[in-house]
Every structure is written in C-alpha cells, then in structure tokens.
Amino acid sequence: SSYVLGSSVVASYSCTDGGAGVASCVGTSPTGAGIPTSAAGHFTFRVTAADAVSNTAEATVAYDVGYGVCLDYDPGRARQAGSTLPIKLRLCDARGTNLSSASVTVTATSIFRVSDNAPGPLEDSGQANPDLNFRHVGDSGASAAYLFNLSLKGLTTGTW
C-alpha cells in the first residue's frame, strides 16, 4: 500500500487461535491507533501473536509513504503543438501543506499518450531542464515549487 505523508491510516488487525487460545496480539501500532505516516520511505507493519502454550506467529505488511503532488497549472487545458508547456507543481502532504524544498529533487521520467498509451519522447524546452530534473523555484514555504518546461514538439494530437 502507498500513503501520502501525513495521511490518517488506522491499524486494524486481530489474532485467532484454534487451540489453547490467544495470549497476546501485538502490532507495530495498537489496533484502532494510527500507523506512522510522518516520514517518507518504505516501512513494515508487524503483528506478533502468541497462544497460551507459547506458540508464536508473525505477519508483516509493507507500506510506502511519499509526497503528494499538488499541480499549479491546468492539465486539462489544450496546448498548441510545438509550444512549451510549463509544468509547475508542489510537493504536498495529505492536508495540502507545501513541502517543496531545494533539498528534494523531482525528476521527469516519461510522457505517454493516454488515448492509446503510445510512448513518446520526453524533452525539455531549450535546455531549461537538461537533466530532466524539475527546477526548484521560490524560496521556501508557500511560494516554493518545482518547474519543468516540457517541449510539445513532435507530439501528435491527443491527450498526453
């Protein structure tokens, strides 16, 4: 599973035993409590159970926590072929709080045509993003964002 930083995720699990009965059932967070989502990364949620005669069992579930993406442009607006599309975005938490920072690199990886999933080239416009990394713009706080100037040259009519 994947969650956005700061998401409210509640632990829900139970343990059963067909013999001596459950003596303990302990998870990374207690059932009904929040699962940690305050840091980005790959995490494991673990539940350990023991029965009344000391047999134990463990179950784990992996989950990822990452940034949300808040768009600062209209992706539904038509653009003319051959023009440049400035893609501006912010990294956000689950509440929409701006987490953009010059210390976090955002990289463009691909573009594809949604209507028939035909892959297309990903090009920056005029060496504005020669390494395909978004440029961090603004200082910090509410004005911080990332910008990528996408060249629309060579793209056919369609939804990309």
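**Notebook: loops, disulfides, rings and a pocket**

**Entry 1. Ser100**

I began with Ser100, which sits in the loop between β6 and β7. I note at the outset that the model is a predicted one. Is Ser100 buried or exposed? Ser100 has a relative accessibility of 8% and therefore counts as buried, since the cut-off for that class is under 20%. I then looked up what the side chain of Ser100 touches. The side chain reaches the backbone nitrogen of Leu91 at 3.0 Å. The side chains of Ser100 and Asn98 are also joined, by a polar contact of 2.8 Å.

**Entry 2. Two threonines**

I turned next to Thr37, which I found in the loop between β2 and β3 (41-51). Its relative accessibility is 7%, so Thr37 counts as buried. A polar atom of the Thr37 side chain lies 2.7 Å from the backbone oxygen of Ser7.

Thr44 belongs to strand β3. With a relative accessibility of 38%, Thr44 counts as partly exposed. I also looked up the spacing of Thr44 and Thr60. Along the sequence they are 16 residues apart, while their C-alpha atoms are 6.4 Å apart in space.

**Entry 3. Disulfides**

I recalled that a disulfide is a covalent bond between the sulfur atoms of two cysteines. How many disulfides does the structure hold? The count comes to two.

One disulfide joins Cys15 to Cys25, with an S to S distance of 2.0 Å. Cys15 lies in the loop between β1 (2-4) and β2 (22-27) and Cys25 in strand β2, so this bond ties together parts that are 10 residues apart in sequence. Why is this disulfide called right-handed? The torsion about its S-S bond is about 65°, and therefore the disulfide of Cys15 and Cys25 is right-handed. I compared the burial of the two partners: Cys15 is buried, at a relative accessible area of 18%, whereas Cys25 is partly exposed, at 28%.

Cys70 and Cys92 form a disulfide as well, and their sulfur atoms are 2.2 Å apart. This pair links distant parts of the chain, as Cys70 is in strand β5 (residues 68-71) and Cys92 in strand β6, 22 residues apart. Both Cys70 and Cys92 are buried. I numbered the bonded cysteines of the chain in sequence order and obtained the pairing 1-2, 3-4.

**Entry 4. Aromatic rings**

I searched the whole structure for aromatic pairs and recorded four. Which residues do ring pairs link into a cluster? The cluster consists of Tyr3, Phe43 and Tyr63.

**Entry 5. The largest pocket**

My last search concerned empty space. Rolling a probe the size of a water molecule over the atoms shows where such space is left. The largest pocket holds about 830 Å³ of space. Its lining is made up of 32 residues, and those nearest the centre are Leu85, Ile111, Leu150, Leu152 and Trp160. Which elements give two or more residues to this lining? They are β6 (84-92), β7 (111-112) and β10 (145-151). The largest share, three residues, comes from β6. I also sorted the lining by class: 20 residues are nonpolar, nine are polar and three are charged.

**Entry 6. Cross-reference**

Strand β6 appears in several of my entries. It contains Cys92 of the second disulfide I described, and it gives three residues to the lining of the largest pocket. The loop that holds Ser100 runs between β6 and β7, and both of these strands are listed among the elements that line the pocket.

Notes
Residues numbered from 1 in each chain as written. Predicted model: local features only at pLDDT ≥ 70, side-chain atom pairs only at ≥ 80, totals over all residues. Heavy atoms only, no water. 1 Å grid on protein atoms, 1.4 Å probe; cavity = no way out; pocket = protein on both sides within 12 Å on 5 of 7 lines; lining within 4 Å. Points joined across faces, edges and corners; volume = space filled by probe spheres on them. Helix = DSSP H or I, 4+ residues; strand = E, 2+ residues; numbered from the N terminus. Nonpolar A, V, L, I, M, F, W, Y, C, P; charged D, E, K, R; others polar. Phe/Tyr/Trp six-rings, centres within 6.5 Å; stacked < 30°, edge-to-face > 60°. Disulfide = S-S within 2.5 Å. Buried < 20%, exposed > 50% of the residue type's maximum accessible area, 1.4 Å probe, protein only. Polar contact = N/O pair within 3.5 Å; in protein donor to acceptor, adjacent residues only side chain to side chain.
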